[in-house]
Amino acid sequence: MLSLRDLRFTYPNAARAALAGVSFNVNRGEIVGLLGPNGAGKTTLISHLAGMLPMQHGEIRVGNDSLAQARKKRPSCIAIAPQEYAFYPTLTVRENLQCFGAVSSSSNLKPRIERASAFAQLEQFNRQQARTLSGGLKRRLNLAIATLAEPDYILLDEPTVGVDPQSRAFLLDAVRQLAQEGVGIIYTSHYMEEVEALADRVVIIDHGAVLRHGTLDELLSQGHPVLKFLQAGLTEQAVSDILQPFGTMQSPHQLLLRAGSTPSQALNALELAGAQITHAEFGRFNLEQLFMQLTQRSLRD
Ligand code: ATP
């Protein structure tokens, strides 16, 4: 298990901490979705796991070892597929795989390259210069390079930015396959539906702190149910006054129900006051709604 305990980090001269006490675990074979608005601290966290920032406070353990011990025993235990393209643009696909494969370890180089190339279905592009690949193929090459060292854990930092739906579907399947093979994965993305489709567990961070952590079911069942409706006959103010006892209005057509209130109570109250309900929809938050509620709507940069 990869475990993070109370990670705290402040950049030199920064007014506030980029990480303010982050803790969670990742098991082998598990996909953990890491969500947060711009500036939440995701990259800082990933940089810690990748050993690119000195630890100021807290602990990262890989199994029974500290991160430093684990890296000493097996430098390739954690791999990263960064947001940016991490390959040499003027080398071919094959040359990139050879180059990065040789850096991670000198043993079994050829079979590892074959496996990584097959995994990302790059065989037919072996001779193509990396800079001439399509956006989707570049992302596949980034992912293939991260798998070359056959790591126990992979950090994927927004791996589907700028790809078409076909490439995205391919990449998501590839990530699932890695998890099935026993790799523990931290997956950051701003695409909530991807995280909803992929992640076994989700960690939502903001301002360097964990706001929510759990399985998707756990997270979504914590939110209060939402009643969306359309009505004719009443003013916005009247609707708001009538529904006030049942919860909080999120918009003129959306009520966040208070614990103990039911949708039928709220709709009945509107009808009794003279409203004609033309549409009603009831259910819990999806991940995007939960995320927006937790992190607020204000723009971050
Ligand atoms: P994004 O989604 O935009 O990639 P993020 O969640 O990865 O954001 P970080 O890049 O980790 O967030 O940034 C966390 C905080 O640390 C932000 O307030 C950011 O401005 C600050 N920060 C990041 N890098 C530095 C740096 N090199 N020096 C000073 N402050 C930094």
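In which loop does N13 lie? I took this as the opening entry for a model that is predicted. N13 sits in the loop between β1 (2-9) and β2 (19-26).

**Backbone entry.** I looked up phi for N13 and found a positive value of about 65 degrees, although N13 is not a glycine. Most residues other than glycine have a negative phi. I then checked accessibility: N13 is exposed, with a relative accessible area of 84%.

I noted N108 as well, a residue other than glycine whose phi is positive, near 50 degrees. N108 belongs to the loop between α3 (93-104) and α4 (109-119). Its relative accessible area is 53%, so I entered N108 as exposed, the cut-off being over 50%.

**Core entry.** I turned next to the nonpolar cores. The largest has 50 residues, and L141, I185, Y187 and V202 have the most contacts inside it. For Y187 I listed partners, leaving aside neighbours within four places in sequence; they include I31, V32, G33 and L34, together with L156, P159, L172 and L198. Apart from the largest core lies another, of 26 residues, with L4, L19, V62 and L67 among them.

**Cavity entry.** How many cavities of 30 Å³ or more does the structure hold? I recorded one. The largest cavity encloses about 40 Å³ of space. Its lining consists of A81, P82, R139, N142, L143, L156, P159 and L171. By class I entered six nonpolar, one polar and one charged residues. Helix α5 (residues 135-147) gives the most to this lining, with three residues. I noted that L156 and P159 line the cavity and are also in contact with Y187.

How values were computed
Residues numbered from 1 in each chain as written. Predicted model: local features only at pLDDT ≥ 70, side-chain atom pairs only at ≥ 80, totals over all residues. Heavy atoms only, no water. Helix = DSSP H or I, 4+ residues; strand = E, 2+ residues; numbered from the N terminus. Buried < 20%, exposed > 50% of the residue type's maximum accessible area, 1.4 Å probe, protein only. Core = buried A, V, L, I, M, F, W, Y, C linked by side-chain atoms within 4.5 Å. Contact = heavy atoms within 4.5 Å. 1 Å grid on protein atoms, 1.4 Å probe; cavity = no way out; pocket = protein on both sides within 12 Å on 5 of 7 lines; lining within 4 Å. Points joined across faces, edges and corners; volume = space filled by probe spheres on them. Nonpolar A, V, L, I, M, F, W, Y, C, P; charged D, E, K, R; others polar.
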